[in-house]
Amino acid sequence: MSGAHANDAVVNDLGTRKLVELSGPAATAALDADSVVVIPTGAIEHHGSHLPLMTDYLLADAIANAAVERAAWQGVDAWILPTLAYTKSDEHHWASGTMWLTWETMMNTIVDLGNSIAATPANKVAFFNGHGGNLALLQVACRELRRRFGLQTFLLGPIVPPMADGTGDGPDELGLGIHGGHSETSLIMHIRPDLVDLSLAQRSVPEHLADFEHIGFKKPVSFGWLSNDFGTDGVLGDPTGANAAYGAALFEHSVAQAAAAFAEIARFDPAGPSA
């Protein structure tokens, strides 16, 4: 029986795409080399006064789970593991409530997870990352897992664009709204509106950085930074006009893009089709 047919049987019997809800033997039977195992990576960290500490966890968890369900419904052999909550958030180390791992601990955790996945029939691992501070480490980890265990590894995440003049429905964040700003706040207002207190939201855009042509968050020259470097309260953006409708549109866009990406990952082969 092919992997796809085996997985269809598992889903029909148990109604799940959460790998940990299966027994060990059932998980082994469900997976094959083309199965896509998704690991969401979030964070527990300061997001100003208006958002919960678990903002990045919520983004990664909610969008990845919805995308895996959609991909499976579309015929993709995708499975999801529990979301990593504690990750590399040391740029917010100064703020009470932030829970962070050193890069060594985080890297070792990812490598150990890769080693565990390599012991299953699965060969494709996709990290769905909701926290920008994890990106560089996960890029290195993807190659590490490829080299050590032969896994095919991938990295993607949600669509959380900083507002710039003439884009989106929000205030001009000068392209600097990367943390607790309009898009991220809108997404949480859609996912968990009970955790957002918009009355405490304030504009915190380091406008002086917009004058630099080459140095910036999305410019040719990157720089090392901590979230309290900018003369703000650790928020980088303008959440004051955030709204759930815009968050719902971003959520849908992110889910659709991730589901389509999982479909490509399932058929991806860097060596090309067999002769």
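**Exercise 1. Salt bridges**

Which side chains meet in a salt bridge at 2.8 Å, N to O, and which elements hold them? Assign the accessibility class of each partner, then treat the pairs of E144 and E207 likewise.

*Solution.*

Step 1. The model is predicted: local features require pLDDT of at least 70, side-chain atom pairs count only at pLDDT 80 or more, and totals for chains, interfaces and linings use all residues. Residues are numbered from 1 along each chain as its sequence is written, and side-chain values use heavy atoms, with hydrogens and water left out.

Step 2. A salt bridge is taken as a side-chain nitrogen of Lys or Arg within 4 Å of a carboxyl oxygen of Asp or Glu. Under this criterion, the count is 8 salt bridges.

Step 3. The pair sought is E252 with R70, whose side chains meet at 2.8 Å, N to O. E252 belongs to helix α7 (residues 244-267) and R70 to helix α3 (residues 55-73), so the bridge ties together parts that are 182 residues apart in sequence. Helices (H or I, at least four residues) and strands (E, at least two) are DSSP runs, numbered from the N terminus.

Step 4. For accessibility, buried means under 20% relative accessible area, exposed over 50%, and partly exposed in between, with a 1.4 Å probe and protein chains only. E252, at 39% relative accessibility, is partly exposed; R70 is partly exposed as well, at 27%.

Step 5. E144 and R148 form a salt bridge of 2.9 Å, N to O. Both residues lie in helix α5 (residues 135-149), 4 residues apart, which is about one turn of the helix. E144 is buried, at 18% relative accessible area, whereas R148 is partly exposed, at 46%. A network of salt bridges links E144, R147 and R148.

Step 6. E207 pairs with R203, and their closest N and O atoms are 3.1 Å apart. E207 is partly exposed at 44% relative accessible area, and R203 is partly exposed at 36%.

**Exercise 2. Pockets**

Describe the largest and the second largest pocket by volume, lining and contributing elements.

*Solution.*

Step 1. The search runs on a 1 Å grid over the protein atoms alone: a cavity is a set of points where a 1.4 Å probe fits but cannot get out, a pocket is an open set with protein on both sides within 12 Å along at least five of seven lines, and lining residues have an atom within 4 Å of a point. Grid points are joined across faces, edges and corners, and a volume is the space filled by probe spheres set on the points.

Step 2. The largest pocket holds about 940 Å³ of space. Its lining comprises 33 residues, of which H131, G132, G133, L135 and I178 lie nearest the centre. Helices α3 and α5 each supply at least two lining residues, and α5 gives the most, with 3 residues.

Step 3. By class, the lining of the largest pocket has 13 nonpolar, 13 polar and 7 charged residues. Here Ala, Val, Leu, Ile, Met, Phe, Trp, Tyr, Cys and Pro count as nonpolar, Asp, Glu, Lys and Arg as charged, and the others, Gly among them, as polar.

Step 4. The second largest pocket has about 160 Å³ of space. Among the residues that line it are L19, G24, A27, L31, L113 and P121. The elements giving two or more residues to this lining are α2 (24-30) and α4 (103-118). The lining of the second largest pocket divides into 8 nonpolar, 4 polar and no charged residues.

**Exercise 3. The cavity**

How many cavities of 30 Å³ or more does the structure hold, and which residues line the largest cavity?

*Solution.*

Step 1. The structure has 1 cavity of 30 Å³ or more. The largest cavity has a volume of about 30 Å³.

Step 2. H50, L200, A201, Q202, S204, D233 and V235 form the lining of the largest cavity. By class, these are 3 nonpolar, 3 polar and 1 charged residues.

**Exercise 4. A backbone feature**

Which residue has a positive phi although it is not a glycine, and where is it found?

*Solution.*

Step 1. The residue is L174, with a phi of about 60°.

Step 2. L174 is found in the loop between β4 (152-156) and α6. At 33% relative accessible area, L174 is partly exposed.
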